Amino acid sequence: MPDLDRVSDRPVAPLVEVFHSIQGEGRFVGTPMAFVRVAVCPLRCNYCDTPHSYEAEREFPVHLRRGPRYEPNPVDVERATALVREVLAGGAFATGGGGGRVSVTGGEPLLYPVFVRELGLRLRGHGVALHLESAAVQPAALCVALPGVSHLSADYKLPETVTAGEFGARHARCVADALAAGISVDVKVVLTAAVQDASFAGALADLAPFRAQILLVLQPVTPFGAVQEPFPVSRLEECTARALAAGFTVRVLPQAHKLLRVQ
């Protein structure tokens, strides 16, 4: 089991990149928004398509229409707020208008819960909603971050998809705390060919107390790295039917940004 409790208590984080793109996952799929990708992750998912986020570089790119500009790591929350607003105004899909949405992703953003909270609170003052994309296995850190978060996309880790650990109880606690805070919650379950029926049934059982309040996103894996076998269509149909029968609101979605060939 990785050490999940060593998190920063400062409003600072190392970043991988800041950019504007189209949301490719969850209920906001297809929505243009800014993205802040933080560096470092305590987990190792065998389907991970961002292994470059495992460690922080000395500099990171801020992607604008005129091309990337490089900034030094780490970044305090004041500078991160300014960068997000700049990208929202001048990124690839930006219109230059006010407001908007920003997704903080990773890596694992909950390694920097104070940074997430303070970034969200500052951006909210400019009419920008912060989405948190997280493995959601660090309940204490999530509670610190939640005052700045408008939406949580939690990535439920089935045991066959990670190198070590089972996180069902931690996932459930995070979902409960986010719902208690009054924010919208998606729970994404990535399905790989190695996933056993019992593991998927266990995930549905863990999430059953929240089925009326969450959107359950079933995501057949996009082959990458160590995972090259797609999830069989027949099994996708079975998992979808099982989730619907259990009373969940379900969306079956691939990684749409991969199909669109955007970042």
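Strand S2 gives the most to the lining of the largest pocket, with three residues. Strands and helices here are DSSP runs (helices H or I of at least four residues, strands E of at least two), numbered from the N terminus. The structure is a predicted model, in which local features need pLDDT of at least 70 and side-chain atom pairs count only at pLDDT 80 or more, while totals for chains, interfaces and linings use all residues. Residues are numbered from 1 along each chain as its sequence is written, and side-chain values use heavy atoms, with hydrogens and water left out.

The pocket is a good place for a newcomer to begin. Its volume is about 750 Å³, and its lining is made up of 40 residues. Arg37, Asp49, Thr50, Thr105 and Gly106 are the lining residues that lie nearest the centre of this pocket. At least two lining residues come from each of strand S2 (15-22), strand S3 (32-38), strand S8 (128-134), strand S9 (151-156), strand S10 (184-191) and helix H7 (256-260). By class, the lining holds 14 nonpolar, 15 polar and eleven charged residues. In this count Ala, Val, Leu, Ile, Met, Phe, Trp, Tyr, Cys and Pro are nonpolar, Asp, Glu, Lys and Arg are charged, and the others, Gly among them, are polar.

The structure also holds a cavity. A search of the whole structure finds one cavity of 30 Å³ or more, and the largest cavity has a volume of about 70 Å³. On a 1 Å grid over the protein atoms alone, a cavity is a set of points where a 1.4 Å probe fits but cannot get out, whereas a pocket is an open set with protein on both sides within 12 Å along at least five of seven lines; lining residues have an atom within 4 Å of a point. Grid points are joined across faces, edges and corners, and a volume is the space filled by probe spheres set on the points. The largest cavity is lined by Gln23, Glu25, Gly26, Arg27, Phe28, His131, Glu133, His151, Ser153 and Asp186. S8 and S9 each supply at least two of these lining residues. One nonpolar, five polar and four charged residues make up the lining of the cavity.

Thr105, one of the residues nearest the centre of the pocket, is found in strand S7 (residues 100-105). With a relative accessible area of 10%, Thr105 is buried (buried means under 20%, exposed over 50%, and partly exposed in between, for a 1.4 Å probe and protein chains only). Leaving aside neighbours within four places in sequence, Thr105 is in contact (heavy atoms within 4.5 Å) with Phe35, Val36, Arg37, Val38 and Glu133. Glu133 is also among the residues that line the largest cavity.

Phe35 appears again in the one aromatic pair of the structure. Phe19 and Phe35 are stacked, at 5.1 Å centre to centre and with 10 degrees between the planes. Rings of Phe, Tyr and Trp (its six-membered ring) pair if their centres lie within 6.5 Å; planes under 30 degrees apart count as stacked, over 60 as edge-to-face and the rest as tilted. The pair links distant parts of the chain, as Phe19 lies in strand S2 and Phe35 in strand S3, 16 residues apart. Both rings belong to buried residues, with relative accessibility of 1% for Phe19 and 7% for Phe35. Elsewhere, the charged end of Arg44 sits over the ring of Tyr54, 3.7 Å from its centre. This arrangement requires NZ of Lys or CZ of Arg within 6 Å of the ring centre and within 35 degrees of the ring normal.

The backbone has some features worth a look. Most residues other than glycine have a negative phi, and most peptide bonds are trans. A cis peptide bond joins Asn73 and Pro74, with omega about -10 degrees, and Pro74 is placed in the loop between strand S5 (67-72) and strand S6 (75-76). Another cis peptide bond joins Gly106 and Gly107, with omega about 10 degrees; Gly107 is in the loop between S7 and helix H2 (113-124). Val40 has a positive phi, near 85 degrees, and is found in the loop between S3 and strand S4 (59-64). Ala136 likewise has a positive phi, near 55 degrees, in the loop between S8 and helix H3 (139-145). Val40 is partly exposed at 28% relative accessible area, whereas Ala136 is buried at 1%.
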